[in-house]
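Here are my notes on the model, set out point by point. Please read them with the structure open.

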Amino acid sequence: MTLPTSTPRVWTRYVAIGDGGYIMSSLDGDTWSGNTTASGTGQNLRGIAYANGRWVVVGAGGVIRTSTNGTTWTTAVSGITTGLNALTTLGSTFIAIGDSGVILTSADGLSWTPAPSGTTQSLRGLCVDRGTAYTVGASRTILASTDGQTWTTRTAPALNNSNYRGITA
């Protein structure tokens with residue numbers, strides 16, 4: 001059996017984010033360019049996702065920035081000042097999670113709707129597997145959702161009093 005040497009990409013640009021609003025991009029993954037002014041914010045950026053022809057980044061202070069080309073960024077109003085810590089997509093829906101149990105969803109990356117999480121714990125990690133989104137956070141918090149709007153608590157081991165920071169599937 002011969003394995004393919006490459007997998008076709010859906011998008012035509014790599015985009016990476018960082019502290020101080022830093023955004024850099026690359027067409028090939030080898031040569032990168034970027035700066036702190038491209039994002040239009042000085043906030044630390046913590047999550048990035050791509051769907052529906054749009055990159056979305058989230059970060060400290062509730063900042064949300066969007067781009068259709070990966071180089072020019074505009075503000076989307078989150079309606080919050082709470083830090084956003086991670087971002088993913090569930091189907092074509094963007095899901096952002098953050099401090100104080102904040103969860104926001106968006107169909108287009110521009111208009112955001114709060115979703116009740118049922119917790120005030122900070123949410124730090126987020127992933128999607130087989131049509132279910134999972135988020136983890138402080139004080140053994142684990143939540144799951146199949147639509148991004150309705151979240152149910154999952155049980156963590158009783159002897160574990162961890163502050164979870166990440167999750168993957």
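The points below cover the sheets, the cores, the aromatic pairs and the salt bridges.

1. Status. This is a predicted model. Side-chain atom pairs count only at pLDDT 80 or more. Please keep that in mind for the contacts listed below.

2. Sheet 4-5-6-7. Four strands make up an open sheet, in the order 4-5-6-7, with antiparallel pairing. Its edges are strand 4 and strand 7 (74-76), each of which pairs on one side only. On average, neighbouring strands here are turned by 30° against each other, direction ignored.

3. Strands 6 and 7. Strand 6 (residues 64-67) pairs with strand 7 over three bridges, in the antiparallel sense. Within strand 7, threonine 74 is the residue opposite threonine 66.

4. Sheet 12-13-14-15. A set of four strands forms an open sheet in the order 12-13-14-15, and the pairing is antiparallel. Strand 12 (123-129) and strand 15 (152-153) are the edge strands, and each pairs on one side only.

5. Strands 14 and 15. Two bridges join strand 14 (residues 141-145) to strand 15, again antiparallel. Threonine 152, in strand 15, is the bridge partner of alanine 144.

6. Largest nonpolar core. This core holds 13 residues. Which of them touch the most other members? They are Ile64, Leu84, Leu87, Phe94, Ala96, Leu104 and Trp112. Two or more residues come from each of strand 4 (45-51), strand 5 (54-59), strand 8 (84-90) and strand 9. Strand 4 therefore has two roles: it is an edge of the 4-5-6-7 sheet, and it gives two or more residues to this core.

7. A second core. Apart from the largest core lies another, of eleven residues. Leu90, Ala115, Leu143 and Trp151 are among them.

8. Leucine 104. This core residue has a long contact list, even with its neighbours within four places in sequence left aside. On the list are Ile64, Leu84, Phe94, Ala96 and Trp112, along with Ser78, Ile80, Ile95, Thr113 and Pro114.

9. Aromatic pairs. The whole structure yields three of them. In one, phenylalanine 94 and tryptophan 112 sit 6.3 Å apart, centre to centre, with 45° between the planes. The pair is classed as tilted because its angle falls between the limits of 30 and 60 degrees. Phenylalanine 94 belongs to strand 9 (residues 93-98), and tryptophan 112 to the loop between strand 10 (103-106) and strand 11 (113-114). The two are 18 residues apart, so the pair links distant parts of the chain. Both phenylalanine 94 and tryptophan 112 are buried.

10. Salt bridges. The count comes to two. In one, aspartate 99 meets arginine 124 at 2.9 Å, N to O. Aspartate 99 lies in the loop between strand 9 and strand 10, whereas arginine 124 lies in strand 12; they are 25 residues apart. Arginine 124 counts as partly exposed, because its relative accessibility is 28%.

11. Aspartate 129 and arginine 130. These two form a salt bridge, with their closest N and O atoms 3.0 Å apart. Are the partners buried or exposed? Aspartate 129 is partly exposed, because its relative accessible area is 25%. Arginine 130 is exposed, because its value is 78%, and the cut-off for exposed is over 50%.

Technical notes
Residues are numbered from 1 along each chain as its sequence is written. This is a predicted model: local features need pLDDT of at least 70, side-chain atom pairs count only at pLDDT 80 or more; totals for chains, interfaces and linings use all residues. Side-chain values use heavy atoms; hydrogens and water are left out. Rings of Phe, Tyr and Trp (its six-membered ring) pair if their centres lie within 6.5 Å; planes under 30 degrees apart count as stacked, over 60 as edge-to-face and the rest as tilted. Buried means under 20% relative accessible area, exposed over 50%, partly exposed in between (1.4 Å probe, protein chains only). Two strands pair if DSSP finds at least two bridges between them. A nonpolar core is a set of buried Ala, Val, Leu, Ile, Met, Phe, Trp, Tyr and Cys residues joined through side-chain atoms within 4.5 Å. Contact means heavy atoms within 4.5 Å. A salt bridge is a side-chain nitrogen of Lys or Arg within 4 Å of a carboxyl oxygen of Asp or Glu. Axes are lines fitted to C-alpha atoms, for helices over the stretch in contact, and angles run from 0 to 180 degrees between N-to-C directions.
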